[in-house]
Amino acid sequence: MLDIEKIRADFPILNQQINGKPLVYLDNAATSQKPQVVIDSIVNYYTTINANIHRGVHTLSQLATDAFEQSRIKLQQHFNAKKSYEIIFTAGTTHSINIVATGFTSLLQKGDELIVSAMEHHSNIVPWQMLCERTGAVLKVIPMNQEGELMMDEYDKLLSNKTKLVFVNHVSNALGTINPIKEIIDKAHQFGAAVLIDGAQSCPHIKPDVQTLDVDFYVASAHKLCGPTGVGILYGKEAWLNKLPPYQGGGEMIKEVTFEKTTYADLPHKFEAGTPNIAGVIAFGTAIDYMNGIGFNNIAEYENELLQYATKKLLQIEGLKIYGTSNHKTSVISFNINEIHPYDIGTIIDKLGVEVRTGHHCAQPIMGFYKIPGTVRASFSFYNTFEEVDVLYNALIKAKTMLS
Ligand SMILES: *Cc1c(COP(=O)(O)O)cnc(C)c1O
């Protein structure tokens, strides 16, 4: 079992008051908090080895390059990628998806079909709509049911030889649903389609194995798994990354430049133009080490207990309705109480120290499906406690009384 008190001591931000009340941070699906080792990693980099990477012969540049490339190896091992250069460092999930969506422009023709799911974050919808506008490809949508699960028999009907790409989130940020991505990937491959999995919301809870999944692209952000903001990864199978053109031109991504012709660098540098977030990448590696030190199985088990406890507790509140009731979910509870606007609930419980997200969670199609303006979303991490669930419950009772 996890020693939660000891874990909480690793996160300096948790030990403070908000509006005169102890902070209860339940907005982990938006971004996680950072342990001291990750903060130290950023400070140490700027204090001791700051230099530009991959360019200098001098000692500092080599130390910075080594630390940066060490992070790539850590990420390779974490995701079980075959080659370290299949891990591309990006600015985050949104950036990673845009690299792939832009790269496919020259690989698609009018009438080709792309498949997305009904429960995506806007960052896994909009770049593909832009791709469709550029190419004349058509976007098809896997529908979902009332429980917030994908209707897999409808997916079967959408697949055909016209399907070129399928992109689905591993876990929905608005509902918590864990999607059957292995089945989604295998079925797409039967039609020769490539698959991109948006792992922004799964990676804080699940350690994905990209080789076992046989996934073509898997993307994630560091900031949702205890790392810094503005850093993420694009995992791509070597063959796909070689096929895609570079996303940005600039320094670092070239082999040779003349005014007549430029040749591109090999992987991973082809996709890493310009000076990257060096400190962020190094701290990302530290965050991965930290989370593996706690253990993803332990994290998943504990968070599931929190989820079960919180679900039972919140359902005691009359008029509270949960959106996303799949048996396969991570520790996210999206809900409304009667007709009360989520924003009003969020504002009142913030006064009581409880930080939750309210609104459409960058997933407006889901809100459209349930015909609601938004939800209140409490999302739990391994450093949250059962007592904090009780604080949330009491705060909601108070908010409901005030707003009814
Ligand atoms: C957070 C999130 C994103 C976007 O991540 P950024 O770090 O903002 O780029 C995409 N998809 C899902 C499912 C998310 O939860």
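How many of the 6 residues of strand 14 (residues 332–337) are buried? In this predicted model, the count is 6 of 6, so strand 14 is largely enclosed by the rest of the structure. The two faces can be taken in turn. Val-332, Ser-334 and Asn-336 lie on one side of strand 14, Ile-333, Phe-335 and Ile-337 lie on the other, and both sets are buried, which leaves both faces covered. As a general point, side chains in a regular strand alternate between the two faces of the sheet.

The pairing partners of strand 14 come next. Strand 13 (residues 320–323) runs antiparallel to strand 14 and is joined to it by 4 bridges. Within this pair, Leu-320 has Ile-337 as its bridge partner, while Tyr-323 stands opposite Ser-334. Strand 17 (residues 375–379) is likewise antiparallel to strand 14, with 4 bridges between them. Here the bridge partner of Ser-334 is Arg-377. Ser-334 thus faces Tyr-323 in strand 13 and Arg-377 in strand 17.

These strands belong to an open sheet of 4 strands, arranged in the order 13-14-17-16 with antiparallel pairing. Strand 13 and strand 16 (357–359) are its edge strands, and each pairs on one side only. From one strand to the next, the twist averages 30°.

A second sheet, also open, is built from 7 strands in the order 4-10-9-8-7-5-6, and its pairing is mixed. Strand 4 (87–90) and strand 6 (138–142) each have a single partner strand and stand at the edges, so one side of each is left without a neighbour in the sheet. Neighbouring strands of this sheet are turned against each other by 20° on average, with direction ignored.

What, then, surrounds the side chains of strand 4, given its place at an edge? Ile-87 and Phe-89 point one way and Ile-88 and Thr-90 point the other way, yet all of these residues are buried. Strand 4 is joined to strand 10 by 4 bridges, and the two run antiparallel. In this pair Ile-87 has Tyr-235 of strand 10 as its bridge partner. A parallel pair is found between strand 8 (residues 194–198) and strand 9 (residues 217–221), with 3 bridges. Ile-197 is placed opposite Tyr-218 of strand 9. Both kinds of pairing are made through backbone hydrogen bonds.

Helix 7 (residues 181–190) packs against this part of the sheet. It lies across strand 7 (163–169), strand 8 and strand 9, and runs at about 160° to strand 8.

Helix 10 (residues 278–294) offers a friendly check on geometry. With 17 residues at 1.5 Å a residue, its expected span is 24 Å, and the end C-alpha atoms are 25 Å apart, which agrees. Much of helix 10 is out of reach of solvent by the accessibility criterion, as 14 of its 17 residues are buried. Gly-295, just after helix 10, takes a positive phi of about 100°. Ahead of the helix, the loop between strand 12 (262–264) and helix 10 holds Pro-268. The peptide bond from Leu-267 to Pro-268 is cis, with omega near 0°.

Two residues other than glycine also deserve a look for their backbone angles. Asn-80, in the loop between helix 3 (59–79) and strand 4, has a positive phi of about 55°. Cys-226, in the loop between strand 9 and strand 10 (232–236), has a positive phi near 75°. Are these residues buried or exposed? Asn-80 is partly exposed, with a relative accessible area of 31%. Cys-226 is buried, at a relative accessible area of 2%; the cut-off for buried is under 20%.

Finally, the interior was examined for enclosed space. There are 2 cavities of 30 Å³ or more, and the largest cavity holds about 100 Å³. This cavity is lined by 17 residues, of which Asn-28, Pro-204, His-205, Lys-224 and Ser-381 are the closest to its centre.

Note on methods:
Residues are numbered from 1 along each chain as its sequence is written. This is a predicted model: local features need pLDDT of at least 70, side-chain atom pairs count only at pLDDT 80 or more; totals for chains, interfaces and linings use all residues. Side-chain values use heavy atoms; hydrogens and water are left out. Two strands pair if DSSP finds at least two bridges between them. Axes are lines fitted to C-alpha atoms, for helices over the stretch in contact, and angles run from 0 to 180 degrees between N-to-C directions. Contact means heavy atoms within 4.5 Å. The expected span of a helix is 1.5 Å times one less than its number of residues. Buried means under 20% relative accessible area, exposed over 50%, partly exposed in between (1.4 Å probe, protein chains only). On a 1 Å grid over the protein atoms alone, a cavity is a set of points where a 1.4 Å probe fits but cannot get out, and a pocket is an open set with protein on both sides within 12 Å along at least five of seven lines; lining residues have an atom within 4 Å of a point. Grid points are joined across faces, edges and corners, and a volume is the space filled by probe spheres set on the points.
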